[in-house]
Amino acid sequence: MAAKGTPEQHLYGSPVYAGRPVDEIAIEVVIAAGESVSETFDFYNFKTLSLEIPATFTGDTITFLGSMEYTEDATHMLDCYNGSKGEINIKVVPGSICNPEDGQLYGLKNMRYLKLRSGTSGTPVPQAAAATIRISRLG
């Protein structure tokens, strides 16, 4: 169901950060080669969101599909818009960590499940190679 990151080995071989297991503060989500939408991930209890974008990422924008309930076929995943009727998006730079501006993702706060999309709903951008995006949820 939800994507999980692989714990990293930190000082003394401990896979923790600030007393919390790494897979509780970061997950990895994949957009497959030839696709523009990721697998579904559980957004529950995310306080902040940072995206580590691989150098091979195709495009410069990430938008979101969301749902308040999980279904295996993702039939309830809808495009996410803000109060100004604009798609919620993050401008990204391949090979970097991208942090949204304060309030930029406010419209996602009530979503339980999300998918990432490279590009927009009108112009999705298929990935040339599988893109593994690491998402932090420190709060």
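**Figure 1. Strand β6 in the predicted model, a mostly covered strand.** Strand β6 comprises residues 61–67, and seven of its seven residues are buried. In a regular strand the side chains alternate between the two faces of the sheet. In β6, one side carries Thr-61, Thr-63, Leu-65 and Ser-67, which are all buried. The other side carries Ile-62, Phe-64 and Gly-66, and these residues are buried as well. Both faces of β6 are thus covered.

**Figure 2. Pairing of β6 with strands β8 and β10.** Strand β8 is formed by residues 89–91 and pairs with β6 in the antiparallel sense over three bridges. Within this pairing, Ile-62 stands opposite Ile-90 of β8. Strand β10, residues 113–118, also pairs with β6 in the antiparallel sense, here over six bridges. Which residue of β10 is the bridge partner of Leu-65? The partner of Leu-65 is Lys-115.

**Figure 3. Pairing of β6 with strand β7.** Strand β7 consists of residues 78–79. Two bridges join β7 to β6, and the two strands run antiparallel. Gly-66, one of the buried residues of β6, stands opposite Leu-78 in β7.

**Figure 4. An open sheet of four strands.** The strands follow the order β3-β11-β5-β9, and their pairing is antiparallel. Strands β3 (26–31) and β9 (96–98) stand at the edges, and each has a single partner strand, so one side of each is left without a neighbour in the sheet. From one strand to the next, the twist averages 25°.

**Figure 5. The edge strand β3 and its pairing with β11.** Strand β11 is made up of residues 131–136. It pairs with β3 in the antiparallel sense, and six bridges link the two strands. At Ile-31 of β3, the bridge partner in β11 is Ala-131.

**Figure 6. The surroundings of Ser-38.** Ser-38 belongs to the loop between β3 and β4, the latter formed by residues 41–42. Is Ser-38 buried or exposed? A residue counts as buried when its relative accessible area is under 20%. The value for Ser-38 is 3%, so this residue is buried. Leaving aside residues up to four places away in sequence, Ser-38 touches Val-29, Val-30, Ile-31, Lys-115 and Leu-116. Two of these residues also appear in the pairings shown above: Ile-31 is the partner of Ala-131 in β11, and Lys-115 of β10 is the partner of Leu-65.

Technical notes:
Residues numbered from 1 in each chain as written. Predicted model: local features only at pLDDT ≥ 70, side-chain atom pairs only at ≥ 80, totals over all residues. Heavy atoms only, no water. Pairing = 2+ DSSP bridges. Axes fitted to C-alpha atoms, helices over the stretch in contact; angles between N-to-C directions. Buried < 20%, exposed > 50% of the residue type's maximum accessible area, 1.4 Å probe, protein only. Contact = heavy atoms within 4.5 Å.
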